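Student: Could we go through this structure together, one question at a time, beginning with what the word "buried" is taken to mean?

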Amino acid sequence: MALAYDPLFITSDTISSMADISSPPQPMNLTQDELKRIAAYKAVEFVQSGMVLGLGTGSTAKHAVDRIGELLRQGKLENIIGIPTSKKTQEQALSLGIPLSDLDSHPVIDLSIDGADEVDPDLNLVKGRGGSLLREKMIEGASKKFVVIVDESKMVKHIGGSKLALPVEIVPFCWRFTAEKLRSLLEGYGCEANLRLGEKGKPFVTDNGNYIVDLNVENDMGDLGLVSDAILRLAGVVEHGMFLDMASTVIIAGDFGVNIKTKHI
Ligand SMILES: O=C[C@H](O)[C@H](O)[C@H](O)COP(=O)(O)O
């Protein structure tokens, strides 16, 4: 039996209903971008009129922002105020007519929706491979609810498990010194530290005028709280991309449907 593809109707319930039928469930063979859109649309179901919303950054969050713009245009949502987590998202939201504000005017946010680069079994995250980690952490940390949207490729057994970078935002002043401090701090876990480069081989510059050092850590770092504190104690470090204990819900879209994990407090 073929299941109709409709992002709004593929839920965790779909998985159970598929399990009831005699033949095993068939994967839907969706692209990674389609999975991102499914997760994003599902998250936007949490949005209610009158909310102050943290608007995330990246290819997954972009779908959520598009959807919010669409619902506003259709009159299905009203009185939304968006707090963008990057200049790029600000531009997108403005182009969609989403009213915007900032943390100074709205220090408490009802709901933030954003993607992630890694999600571990405790719903800890790595974010910032797009370079927006500082504003994301400020805004998502000020949110009553933080819904993370990912395709299943982002799920890892432990932070660093994808073998892709853990980004750290640092001040440009003597960046080599700070990068080396970071490398030697995490040396025991098999750490490499590389300055992120942007266009024409020049250092990538964040929305805040800072640089990013990408840490590639070979081994499980164990107590992430300790590692986080140690990184943040280094002068020259502005913020890192581990978002520990911040996500309230993670929506994971995969070929067999959508799985929603909620943090139990
Ligand atoms: O700086 C970028 C953000 O943290 C993104 O939310 C994260 O990198 C995930 O991006 P994407 O949805 O494009 O995979």
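Tutor: A residue is called buried if 20 or more other C-beta atoms lie within 10 Å of its own, with C-beta atoms placed from the backbone. Please keep in mind throughout that this is a predicted model.

Student: How many of the nine residues of strand 6 are buried?

Tutor: Strand 6 covers residues 143-151, and the rest of the structure largely encloses it, because most of its residues meet that criterion. The number of buried residues among the nine is seven.

Student: Which strand pairs with strand 6 through the bridge between Val147 and its partner, and what is that partner?

Tutor: Strand 6 runs parallel to strand 12, residues 249-254, and five bridges join the two. Strand 6 also pairs in the parallel sense with strand 3, residues 109-114, over five bridges, and there Ser112 has Phe146 as its bridge partner. For Val147 the strand is strand 12, and the partner is Thr249.

Student: Which helix gives the largest share of the shell around the ligand?

Tutor: The ligand has 18 residues around it, and Gly58, Ser59, Thr60, Gly115 and Gly130 come nearest. Two elements, helix 3 (59-73) and helix 5 (133-141), give two or more residues to this shell. The largest share is three residues, and the element that gives it is helix 3.

Student: Which strands are included in what covers the buried residues of helix 3?

Tutor: The buried residues of helix 3 include Thr60, Lys62, His63 and Arg67. Their cover includes helix 2 and helix 4, and the strands included are strand 1, strand 3 and strand 6.

Key:
Residues are numbered from 1 along each chain as its sequence is written. This is a predicted model: local features need pLDDT of at least 70, side-chain atom pairs count only at pLDDT 80 or more; totals for chains, interfaces and linings use all residues. A residue is near a molecule or strand if its C-beta atom, placed from the backbone, lies within 6 Å of it. Helices (H or I, at least four residues) and strands (E, at least two) are DSSP runs, numbered from the N terminus. A residue is buried if 20 or more other C-beta atoms lie within 10 Å of its own, exposed if 12 or fewer, and partly exposed in between; C-beta atoms are placed from the backbone. Two strands pair if DSSP finds at least two bridges between them. Two residues are in contact if their C-beta atoms, placed from the backbone, lie within 7 Å.
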